[in-house]
Amino acid sequence: MKKVIFYIDYEWALGTIHAELTKQLFARGINSYILPWDKNYTREELLEMNDACDLIMTTPHGYIRMREATGYQIPQNRFAVVAHATVELVDWKNYHRIDECQAVHSFGVVSNFLRDQSQLLGFPKMPTVCMPGINFDSFRAPIRSRLQTVGYGSTFWERNSLPECYANQPAAYKRGYLAKEAAAAAGLNFRIAQKYHNSYVTMPGYYRNVDCVIMCSSEEGAGMPVVEAGAAGCLVISTPVGHCADRAGTRGADFVPIEEMACLEQMTDLLRFYASDAAAYQRRCSEIQEHARTYDWTHTIDSWISLL
């Protein structure tokens with residue numbers, strides 16, 4: 001049985017993607033484990049790990065970090081490198097050799113958007129697009145009767161209060177304050193997952209306790225709240241970022257413009273419409289949830305296996 005190590009964050013989007021991957025891959029004859037990258041491993045430990053596995057899958061940041069931590073003793077062709085955000089590609093280009101995408105075992109990205117970004121940045125190899133899946137049954141929930149509570153499942157900050165640690169990071173593009181302002185303008189409750197959730201493991205329960213989920217980012221590598229909330233039977237409103245437009249399309253989400261004021265205005269209008277028409281709300285949620293079956297790992301796992 002092939003042995004794979006995921007050198008990765010074990011929480012939130014990266015955590016849920018790779019935890020589910022371990023299950024999907026095992027069913028297909030590939031044994032995989034998550035090695036959390038937030039610990040300090042000795043060089044000897046990492047080299048011994050390399051001796052006991054066939055492949056290490058990580059992000060560009062993880063690839064750079066592990067190569068440096070082991071004194072470049074793990075060969076490049078032992079790595080499958082998958083980018084989940086533009087900043088990872090930018091940092092690979094700025095702080096490492098961009099042509100190493102040709103030397104690693106495989107090079108992938110999680111959306112068509114990131115594939116295009118890699119080419120704009122000058123990467124000499126076209127990456128494989130391997131879109132993350134979900135376990136549809138883990139999120140599936142009954143359709144709610146009416147729209148009362150708007151949810152926000154990504155990193156949140158108030159307008160003009162972006163923490164310095166988020167600057168130039170994926171969180172800098174989230175703009176959750178727009179979702180809060182739209183909910184307030186529509187007279188609806190607003191619930192932020194980040195305020196009281198500590199793990200992706202508890203998120204299926206969160207989606208059951210909101211009626212709509214908004215993702216109003218100006219940029220995403222993928223965009224997991226859209227697919228997770230859709231499976232949970234929520235109304236989904238999103239900007240056309242990451243993999244959302246490709247995967248959700250008009251059946252899986254109501255899309256709003258990326259430009260900030262137009263985004264806020266159209267989100268508010270949509271919330272007011274669905275809050276005033278319970279039957280229309282239920283019909284739309286049912287359509288979104290039915291489409292969300294296409295997000296299941298059974299439809300996406302082959303692209304990940306191709307990287308291994």
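## Aromatic pairs

This predicted model holds 14 aromatic pairs. One of them joins Y63 and W92. Their ring centres are 5.7 Å apart and their planes meet at 55 degrees, so the pair is tilted. Y63 belongs to helix α3 (residues 60-69) and W92 to helix α4 (residues 86-95), so the pair ties together parts that lie 29 residues apart in sequence. Y63 is buried, at 0% relative accessibility. W92 is buried too, with a relative accessible area of 0%.

W92 has another ring partner, F123. Here the arrangement is edge-to-face, with 5.4 Å from centre to centre and 65 degrees between the planes. This pair also links distant parts of the chain. W92 sits in helix α4, while F123 sits in the loop between α5 (112-120) and β6 (128-129), 31 residues away. Both W92 and F123 are buried. Ring pairs gather Y63, F79, W92, F107 and F123 into a cluster.

## The sheet

An open sheet of 6 strands runs through the model in the order β2-β1-β3-β4-β5-β6. Its pairing is parallel. Which strands stand at the edges? They are β2 (30-36) and β6. Each has a single partner strand, so one side of each is left without a neighbour in the sheet.

Strand β1 (residues 2-8) pairs with β2 in the parallel sense, over 7 bridges. One position shows the match: Y7 has L35 in β2 as its bridge partner.

## Helix α3 against the sheet

Helix α3 packs on the sheet. It touches β1, β2, β3 (55-58) and β4 (79-83). The direction of α3 makes about 140 degrees with that of β4.

The buried residues of α3 are P60, G62, Y63, I64, M66 and R67. Y63 thus appears here as well as in the ring cluster. The buried residues of α3 pack against β1, β2, β3 and β4 of the sheet, and also against the helices α2 (43-51) and α4. Just after α3 comes G71, which takes a positive phi of about 65 degrees.

## The nonpolar core

The largest nonpolar core has 97 residues. Which of them touch the most other members? They are L271 and W304.

L271 has contacts well beyond its own stretch of sequence. Leaving aside neighbours within four places, L271 is in contact with L147, V150, A182, A183, A186, L188, C212, I214 and I237.

## Salt bridges

The structure holds 12 salt bridges. One of them pairs R97 with D99, with 3.2 Å between the closest N and O atoms. R97 is exposed, at 52% relative accessibility. D99 is partly exposed, with a relative accessible area of 32%. Another joins D137 to R140, where the closest N and O atoms are 2.9 Å apart. D137 is exposed at 51% relative accessibility, and R140 is partly exposed at 37%.

R284 and E287 also meet in a salt bridge, at 2.7 Å from N to O. Both lie in helix α13 (residues 278-291). They are 3 residues apart there, so about one helical turn separates them. An α-helix has 3.6 residues a turn, so residues three or four places apart point the same way. Is R284 buried or exposed? R284 is buried, with a relative accessible area of 9%. Its partner E287 is partly exposed, at 35% relative accessibility. Elsewhere, salt bridges that share partners join R159, R175, E181 and E260 into one network.

## H291 in helix α13

Helix α13 also holds H291. H291 counts as buried, at 12% relative accessibility, because the cut-off for buried is under 20%. Which residues does H291 touch, not counting those up to four places away in sequence? They are R247, A248, R251 and G252.

Conventions
Residues are numbered from 1 along each chain as its sequence is written. This is a predicted model: local features need pLDDT of at least 70, side-chain atom pairs count only at pLDDT 80 or more; totals for chains, interfaces and linings use all residues. Side-chain values use heavy atoms; hydrogens and water are left out. A nonpolar core is a set of buried Ala, Val, Leu, Ile, Met, Phe, Trp, Tyr and Cys residues joined through side-chain atoms within 4.5 Å. Buried means under 20% relative accessible area, exposed over 50%, partly exposed in between (1.4 Å probe, protein chains only). Contact means heavy atoms within 4.5 Å. Rings of Phe, Tyr and Trp (its six-membered ring) pair if their centres lie within 6.5 Å; planes under 30 degrees apart count as stacked, over 60 as edge-to-face and the rest as tilted. Helices (H or I, at least four residues) and strands (E, at least two) are DSSP runs, numbered from the N terminus. A salt bridge is a side-chain nitrogen of Lys or Arg within 4 Å of a carboxyl oxygen of Asp or Glu. Two strands pair if DSSP finds at least two bridges between them. Axes are lines fitted to C-alpha atoms, for helices over the stretch in contact, and angles run from 0 to 180 degrees between N-to-C directions.
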